[in-house]
Each structure stands twice: as structure tokens, then as C-alpha cells.
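Visitor: I am new to this structure. Please take me through one part of it closely, the part where its nonpolar side chains gather, and then place that part in its surroundings.

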Amino acid sequence: MIVSHAHKFIFTKPRKVAGTSIEVALSKYCGPNDIITPNVSSTAIDKDAYTDYARNHSGFFNHMRPARIQQKIGKKAWDDYFVFTIVRNPWDMLVSRYFWNKKGATPQKTVRQVIGELKNDPANVDRYGKLFFALWRKLRAKELSPEDDFKTFLKKLPHNISNSKYYFDFNGKPWNDFVIRYEHLAEDYKTVCE
């Protein structure tokens, strides 16, 4: 996720849509006061594939929802900046997420991990939502596992991933001024840069 004050843009980062690639490509042109979240999950698995340009990200995180970003930076900045994201064919996204899961890279945190984070930062309201969903997954036996076959993975997945919150608010209004299509990545990225 990037908030570039230097270039007046906001890039929101859904899951499994090439968001890290876009983030890294744009980050090297950002200013010293811009907000760039760390590529924690990608660098853990593909540590040689990405340069992490993270900075000024206190209170922000990788896959932060647009509503929360807007709340943190203010509606005026949100409205004044060019807001964009990326979308991917849902089937490709599922297959990508499945193989990500098989690597053991699924970014879900256990209840114990989230409670540990809350102990270190009890005022961080975003952690309480993560705790709720970690508890819900645990109680419903919906936690993803690298041992899941594709059928089991698909049965659990709807409870674990949805990117629609990056594209539309609760009333169905689009969050973004532009959406890069993964299937037209080079062409749409060029449009964003222009």
C-alpha cells in the first residue's frame, strides 16, 4: 500500500493480484515523506525477488482496506489524490492463492499471534478486527493449511479472502479512480504512470 504525497496518489493493495510488483515498481519513485508499507509476506517467501522500500508506515499495513486508509489520511487528501488498485481474474487469483498456501505463506495469523501483537500495541484498533477473524476461523475450522488439497482449500477460502472491499464501499460505490487489470498489466500500468 502506498500513499504518495509527492505524486498525490494512493495505491491500495488487494491480495494475490500482483500488488507487490506494482508497489515495488512505484516505490522507487516515491518521496522521502511518502507512506510505503513493508512487503512482509512476499519477502518471506520470495526474499530475492523484491526490494522493500518501506518507510513512514507506522499505523499502516500491507493490505489495508481503502476505508481505513481514508480514515487515517483524511477525506480531503483521499478526494484530492489519484486512487487506484489492481484486479485479477478470480480463477487465476484462486489458483495463485492455493499455491501461495501450499508454500506455507498464507498470511493468516493465529489467535495466539494476534494476542501477542495486541499485548505490544493495545491501542491499535486494526488488531482487534484481526483477532475477531482469527477467532472466527479457529471456531469454524476454516483456517487454511498447506496440507489442504484444492477442494478443501476452496471450501475454506470464501471465509478467508475477498478482494471486493478494495474495489467497492458498503454501498457499492467504487473506491478507485482507476483499476489496473492484471490481464492488461503493462498497458494499464503505463496509463497510471501517465
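Guide: A residue is called buried when its relative accessible area is under 20%. By that rule, buried residues make up 40% of the 194 residues in the chain. The model is a predicted one.

A short outline comes before the close look. The chain has nine helices and five strands. Read from the N terminus, its elements follow the order β-β-α-β-α-α-α-β-α-α-α-α-β-α. Of the contacts between residues at least 6 apart in sequence, 63% join residues at least 24 apart. About 11000 Å² of the chain is exposed, and carbon and sulfur atoms supply 55% of that area.

Now to the part itself. In soluble globular proteins, nonpolar side chains tend to be buried together. Here the largest nonpolar core has 16 residues. Those with the most contacts inside this core are Ile2, Phe9, Phe11, Ile22, Phe84 and Ile86. Strand S2, helix H1 (19–27) and strand S4 are the elements that give two or more residues to this core. Another core, of twelve residues, lies apart from it, and Ile35, Ala77, Trp78 and Trp175 are among its members.

The strands come next. S2 (residues 9–11) and S4 (residues 82–87) run parallel and are joined by three bridges. Phe11 has Phe84 as its bridge partner in S4. S4 also pairs with strand S5 (residues 178–181), again in the parallel sense, over four bridges. In S5, Phe178 is the bridge partner of Phe84. Phe84 thereby has a bridge partner in S2, namely Phe11, and one in S5, namely Phe178.

Phe84 also takes part in a ring pair. The count of aromatic pairs is nine. In one of them, Phe9 and Phe84 stand 5.6 Å apart, centre to centre, with 50° between their planes, and the pair is tilted. This pair links distant parts of the chain, with Phe9 in S2 and Phe84 in S4, 75 residues apart. Phe9 and Phe84 are both buried.

Ile86, another of the residues with the most contacts inside the core, shows what surrounds this part. Neighbours within four places in sequence aside, Ile86 is in contact with Phe11, Pro14, Val17, Ala18, Gly19, Ile22, Tyr167, Val179, Ile180, Tyr182 and Leu185. One residue in that list, Tyr182, has a charge placed over its ring: the charged end of Arg88 sits there, 4.1 Å from the ring centre.

Two loop residues belong to the setting of S2. Lys8 is in the loop between strand S1 (2–4) and S2, and its phi is positive, near 55°, although Lys8 is not a glycine. Lys8 is partly exposed, with a relative accessible area of 48%. Lys16 is in the loop between S2 and H1, and its phi is also positive, about 60°. Most residues other than glycine have a negative phi.

H1, which contributes to the core, also holds Ala25. Ala25 has a relative accessible area of 21%, so it counts as partly exposed; the limit for buried is under 20%. The C-alpha atoms of Ala25 and Thr51 are 9.4 Å apart, while the two residues are 26 apart in sequence.

Some other parts of the chain complete the picture. In helix H3 (residues 66–73), Pro66, Arg68, Ile69 and Gln70 are buried. Gly74 follows H3, and its phi is positive, near 100°. The charged end of Lys72 sits over the ring of Phe60, 5.3 Å from the ring centre.

Aromatic rings also gather elsewhere: Trp91, Tyr98, Phe99, Phe150 and Phe153 are linked into a cluster by ring pairs. Phe150, one of this cluster, is partly exposed, with a relative accessible area of 24%. Phe9 and Phe84, the ring pair between S2 and S4, are both buried.

Technical notes
Residues numbered from 1 in each chain as written. Predicted model: local features only at pLDDT ≥ 70, side-chain atom pairs only at ≥ 80, totals over all residues. Heavy atoms only, no water. Buried < 20%, exposed > 50% of the residue type's maximum accessible area, 1.4 Å probe, protein only. Contact = heavy atoms within 4.5 Å. Areas by Shrake-Rupley, 256 points an atom, 1.4 Å probe, with all protein chains shown as cover. Pairing = 2+ DSSP bridges. Core = buried A, V, L, I, M, F, W, Y, C linked by side-chain atoms within 4.5 Å. Phe/Tyr/Trp six-rings, centres within 6.5 Å; stacked < 30°, edge-to-face > 60°. Lys NZ or Arg CZ within 6 Å of the ring centre and 35° of its normal.
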